[in-house]
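Trainee: Can we go through this one together? I'd like to talk about helices and disulfides.

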Amino acid sequence: MLPSAKAYFRIRIAIVTIVLSLVLLWSCLPYDNRVVLIIRIKSEKIRYLAKGTFSSHEKHANPPGTYPVNISEVGMIIKTGYGTRDRLQARLATLSEGWNVGNTIIAGDYSSTNARKGDLLKNADEMEVHDVLEGLLDDEAVDQVSRRMILYRKLQNAIEDIDVDEEIPDDVRGMGWELDILKHIPALELLYNTHPSKKWYLMTDDDTYIHNPSLVSVLSTLSPNDPHYVGCAIWQFAHGGSGVVFSQAAMYKIFTGNPEILEKSLLEGLTAPLEDQLVAKLAMRNGMYVNEEYAVHFNGEPPRRSTVKADNACATLVGFHKLNPEEMYETEKIFGRMKEPFTWWGLWAIFGGPDFDEREEWLRTDAREDWDYAGWYGDEVEMMQPGSELECMRLCEERSGCLAWMWEPGKCKVSDFFTVGGYQATGKISGVHIKRMQAIAKRC
């Protein structure tokens, strides 16, 4: 027996009521509610994968150049600390053309203008290190006996006692990561207040290298007049070391829209476990979530350890992170003269990887001694004892999506990415899956 018209009407009313109830419930949930975040992240990933976002720049809504921008229109914060002054020296010495006092600010837990022994000297462009924590000492809302404020005062006292030629004590160097959590919001505020008319605002660490042509290429696909929070998305926040970017509209909203939200977020820095999460909460409280689509352009590793995957290989790569001073100089030497954007896949050729199309004789050589293409994060797999490099190669062949393998006596690693290698790998034998690498080369 078919349902009556009245029954159909009741069903429709029930469906509409349920939908409206869910919408109302959704709108009432907090910005950082776990259910909200999970639904957002999963739905965004489905949307990105459906349109093939992670294969190239062209999959973004707008192509590069839609919203022209140059480096002079980007403000940058370099976060540093007294314990990492050697890294800062290397970063300042390798700054690419376009970064200067007109768009760059160095934020630290000490000031280079104070006449303290052992202070970092100014660089050629007279860029000073600004102590962005000093103002907290006079803020009545700040708990002056909190652990991090005590650490900050302890650091200032220690700096007074350090001679120019002395090594930085381990206990002083160890304070850096906790004080770094406190720096983020004051540093961003200083950058915005100093350069309020920039189109974009970039926050980096003193061990982060940014390739200008790649950065402006990525940013030119987005309008600075819309609120954007961009970076290497990890759960609900952007990884700070890889570089975090806010648009003009986003910074205006954060630092002029609601002073109560800003003050609350600043005070949370006294106890927050993660600095990146602190910044993400500030953005979310102002109605902005990290744009996961653009995470593919940001990188948390040095060049030789950067993990190139099939789904990110063709995307433009903005820069590198975790560079020690020696690596910073090497990176600038290689990439500083490059005037065009480069991709993740481009690292293979940049660091001397054979051409898969032209070097046919190399295709018969599947292994390289004293090398490691599988990287630190490869998966260790079981072999028949005692195992061999040929068995490790076979395990990579049999594993779907495997791009690289590494064998050493008693151990085999395979990975669904590759690194260009170049670190200490004595006794290791490593190779890449040639047919899968050829497929990526043709696509990119």
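Mentor: Sure, ground rules to begin with. This is a predicted model, where local features need pLDDT of at least 70, side-chain atom pairs count only at pLDDT 80 or more, and totals for chains, interfaces and linings use all residues. Residues are numbered from 1 along each chain as its sequence is written, and side-chain values use heavy atoms, with hydrogens and water left out.

Trainee: How many of the 8 residues of helix α7 are buried?

Mentor: Buried means under 20% relative accessible area, exposed over 50%, and partly exposed in between, with a 1.4 Å probe and protein chains only. Helices (H or I, at least four residues) and strands (E, at least two) are DSSP runs numbered from the N terminus. Helix α7 spans residues 212-219 and is largely enclosed by the rest of the structure, because the buried count is 8 of the 8.

Trainee: Which strands are included in what covers the buried residues of α7?

Mentor: The buried residues include N212, P213 and L219. Their cover includes β1 (74-79), β4 (200-205), β5 (209-210) and β9 (244-247).

Trainee: Where are the parts that the disulfide of C314 and C444 ties together?

Mentor: A disulfide is a pair of cysteine sulfur atoms within 2.5 Å, and C314 is joined to C444 with S to S at 2.0 Å. The tied parts are 130 residues apart in sequence: C314 is in the loop between β10 (308-309) and β11 (319-320), and C444 is in the segment after α14 (434-443).

Trainee: Is C444 buried or partly exposed?

Mentor: Its partner C314 is buried, with a relative accessible area of 13%. C444 has 40% relative accessibility, so C444 counts as partly exposed.

Trainee: What is the handedness of the disulfide of C396 and C402?

Mentor: The sulfur atoms of C396 and C402 are 2.1 Å apart. The torsion about their S-S bond is about -105 degrees, so the disulfide is left-handed.

Trainee: What about the link of C392 and C412, right-handed or left-handed?

Mentor: C392 sits in helix α13 (residues 389-398) and C412 in strand β15 (residues 411-415), 20 residues apart. C392 is buried at 0% relative accessible area, and C412 is buried at 0% too. With 80 degrees about the S-S bond, the link is right-handed.

Trainee: What pattern do the disulfides of the chain follow?

Mentor: The structure holds 3 disulfides. With bonded cysteines counted along the chain, the pattern is 1-6, 2-5, 3-4.

Note on methods
Contact means heavy atoms within 4.5 Å.
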